[in-house]
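User: Could you walk me through reading this fold, starting with the overall picture and then a sheet?

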Amino acid sequence: MKPLRMGVLAVLTASAVALTMSGASAHDPDTPEGQAAARAFMADYRPAERHAVTGTAAGVPCVNGKADIYPCKNVDLLSVLPLAQMGGGNGNDIWGWTDPSSGKEYAIVGRTNGTAFVDVSTPTAPKYLGNLPSNGGSSTWRDMKVYKDHAFIVADFISGHGMQVFDLTRLRTITTPQTLTADALYKEFGPAHNIAINEETGYAYAIGSNTCRGGPHMVDIRTPKSPKNAGCVSQDGYTHDNQCVIYRGPDAAYRGKEICFNSNEDTLTIVDVTDKANPVQISRKGYSGAQYSHQGWLTEDQRYFLLDDELDESRGTDKRTKTYIWDLASLANPVHTGVYNSPATAIDHNQYIKGKYSYQANYQAGLRILDVSNVASAQLTEAGFFDIYPAADEAKFNGAWSNYPYFASGIVLVNGIEQGLVVVKPNLGAVEPPPGGKFENTTDVSIPDAGAAVTSSVAVSGLGGKAPATLKVNVDIKHPYRGDLVIDLVAPDGTAYRLKGSSNDGGDNVIATYDVNASAEDAVGTWLLKVQDVYRSDVGYIDAWSLQF
């Protein structure tokens, strides 16, 4: 989304007036702050493009750094559906829906004048199905999410827009493009900048609305066509974006609770919203280099949070796109551990994490895909990209607004402000292996029944410095009752790292990869895999094991 309060202050000449404005009025066209926000975005306006790529049987592969007219790396082009072919306007946010009855995949494409629905189940030949017009006017800022086969859509800058609810199962029978109507309209806020949904709990969070001081306006959507007001999170004022989850991360004090991670303009603000009538702010943390805390996403283990700041590129001396890395071992004390500096110099916008990759829509730099495997060491690497705005790579508001990477097919949707719907397929198997090396021992070592521990050694040489925080230990042990086994990695200095304890698991064999934080250890030396069978009746052997640095 476009920055609100802080972004607007940069272009206001009457800062005293701006400081009296509430965050909720930031995009109100009747206020100086809202008018300034619109001017800042429109200063970079370019007309919608008409370049189309559809109907190619296998898409356009990324070869020698190009796919069609677009620069790329490890990402192939499947199709481009221009805005003119799906209702006009300019593009903004995007989300996806998979029909549970057919497995078909659909794009929900935000535009300034409405929401387009596109069947992308044949991704090289996307089929436009219809348009849900905006409720009450046009808006640069539109956002949508999905719950229980319904789309929930909000728009900023439109005083009476509310939240549109659309039953996506209606798309099953559409054969020709149609003008669609909402199934329900939630009216307890007017404009809203963004919306998040926790699909586990059935609650939506409208953010940047004209209610709740601009903080999350909580809505019970468990019955999708009958949404109900569930309360406000207003302690920290205006929230620009957030992610709300049932927490399963490392902080035991909050496991099982519903936690929101809010990008609050200049801070990461973490809130417990389990009790909707009494949300509790857990922490509020700023960071060095903050200009406008825009959006972020949790790694899948919920230990780390990647945050993008929308104005640090244009305001800072180092113009490279930055991603701020947070360690959330303690929700009460999140720690900013490092910054990833992209080779690109565009504004970063919306990112989503799937598996070990963060998929970032970075305006003029397009889709950038980061490998987050070494996030524990505050290290990210670029695995691929697809630049939908080849004309430039500057800190301006053009190109990729957002993306959706969660389809089972592996395709990724990108919505371009000028370009429309761009469908791509990452080919991340082509990514270079991580730095370092693999050290392996394939000599069998017998494990005595209920006996003393045995070891197998790996000698590591040729590496400098410390071992990584995500040292990968690949284990292949043959044993008919793996619950009998206790397994440790022993570092060259004798420090033991428990990989597996004994249990009642009666399955065969231990074939697994363990991540070990060995960053305190020197990489070079003799490492041991130590295995002990602690119960009687079964015997086995270490078949092979390896270390990947």
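**Reading the fold**

Analyst: The chain holds four helices and 40 strands, where helices (H or I, at least four residues) and strands (E, at least two) are DSSP runs, numbered from the N terminus. This is a predicted model: local features need pLDDT of at least 70, side-chain atom pairs count only at pLDDT 80 or more, and totals for chains, interfaces and linings use all residues. Residues are numbered from 1 along each chain as its sequence is written, and side-chain values use heavy atoms, leaving out hydrogens and water.

User: What radius of gyration does the chain have?

Analyst: The rule for a globule is 2.2 Å times the number of residues to the power 0.38, with the radius taken over C-alpha atoms. With 549 residues, a compact globule would come out near 24 Å, so the chain's 25 Å agrees. Along its principal axes, the C-alpha trace spans about 80 × 55 × 50 Å.

User: How much of the chain counts as buried?

Analyst: Buried means under 20% relative accessible area, with a 1.4 Å probe and protein chains only. Here 57% of the 549 residues qualify.

User: Now the sheet: which order do strands 13, 14, 15 and 16 take?

Analyst: Strands of a sheet pair through backbone hydrogen bonds, either parallel or antiparallel. Two strands count as paired if DSSP finds at least two bridges between them. This open sheet of four strands runs 13-14-15-16, with antiparallel pairing. Strand 13 (194–198) and strand 16 (228–232) are the edges, each pairing on one side only.

User: And how many bridges join strand 14 to strand 15?

Analyst: Four bridges join strand 14 (residues 203–207) to the antiparallel strand 15 (residues 217–220). Look for Ala206, which stands opposite His217 in strand 15.

Conventions
Buried means under 20% relative accessible area, exposed over 50%, partly exposed in between (1.4 Å probe, protein chains only).
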